[in-house]
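Me: I'm new to this structure and would like a close look at one part: the place where two helices cross. Could you walk me through it?

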Amino acid sequence: MYYKNPSYKVFYAINVTVLLLISILCILPMVHVFAVSLSGKSAAEGNLVTFFPIDFNLESYVKTFANDNFINALRISVLRSVVGTVLAMIVTVLAAFPLSRSSIDFKPRTFYVWFFLIIMIFDAGLIPHYLLIQKVGLVGSFWVYILPHLLSVWNIILMMNFFRALPKELDEAAIMDGASAFKILTSVYLPISMPAIATLSLFSLVGQWNNWFDGILYMRSPEQWPLATLLQTIIVAQDLSKTGIDFEDLELLSNRGVKAAQIFIAMLPILAVYPLLQRYFVKGIVLGAVKE
């Protein structure tokens, strides 16, 4: 067998070592941020913390969870991520299913495929996009986080290819039983498409969670910002007035400790989703890559 070959064993050992090193490089920054968030002011400000807390305390987390601005931004991020992902998957599946049919079953298929490809390649730019959002009255509305991101042509193409790779015999059997197109989608295609749906849902969820530019561009007040926008303003723009923490408290706390606590809390929801979708993600990562 090939896995007993000495060259394969060497390749396997090297592969595992490289992947292990990459994993460590990904994990260590998170460990460092967590250690800083649990350290005292002098150690954090003096850049003395590596991977273990110094002068352990939880004040950064206490002040962060007592911060109304942070909690409100966290609520908006969770809401936009959940609602945006669910609606985006509904639109993706409903668009990909008819496009996965042949031109005989769905005559306008070729037209819509070219239509989606053209709008994916050619982008009007930021200013026309903003004017459109303004004209439809979405500026300052929560739905500006959701509606412009519902249709992802890339996700539709991936989902379409996954549908086309499924055995045609299932489709034919459902048609012989008198099932409608919608019944075929919900009863035949969706149950065996969970790997693809879970993978695309994860991509959409991460995109919604990390999107900070929408808040700055379309919202009129910081109270309407998602968490990513708030953190970008605090950490990148260095605007500590948006932290919601009194400057008297900041004298007793470390700025780096408070920022680290907020960053670590912002990472947790996405990190918690990965184990739930892991069993689907491995299969779905190659969606659309194999065809009959």
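Reply: Let's start with a term: a crossing counts as right-handed if the near helix is turned clockwise from the far one by less than a right angle, and as left-handed if anticlockwise. Keep in mind that this is a predicted model.

The helices to look at are H4, residues 68–100, and H10, residues 194–210. They pack at an angle of about 140°, and their axes are 9 Å apart. The crossing of H4 and H10 is right-handed.

So who touches whom? On the H4 side you'll find, among others, Leu74, Val78, Arg80, Gly84, Ala88 and Val93, and they meet a set in H10 that includes Ile197, Leu200, Ser204, Leu205 and Trp209. Sorted by character, the residues of this contact come out as nine nonpolar, eight polar and one charged.

Arg80 of H4, one of the contact residues, also has another partner: its side chain meets that of Asp214 in a salt bridge, at 3.7 Å from N to O. In general, side chains of opposite charge can pair when their charged atoms come close. Asp214 sits in helix H11, residues 213–218, while Arg80 is in H4, so the pair ties together parts that are 134 residues apart in sequence. A search of the whole structure finds one salt bridge.

Key. Residues numbered from 1 in each chain as written. Predicted model: local features only at pLDDT ≥ 70, side-chain atom pairs only at ≥ 80, totals over all residues. Heavy atoms only, no water. Axes fitted to C-alpha atoms, helices over the stretch in contact; angles between N-to-C directions. Helix = DSSP H or I, 4+ residues; strand = E, 2+ residues; numbered from the N terminus. Contact = heavy atoms within 4.5 Å. Nonpolar A, V, L, I, M, F, W, Y, C, P; charged D, E, K, R; others polar. Salt bridge = Lys/Arg side-chain N within 4 Å of Asp/Glu carboxyl O.
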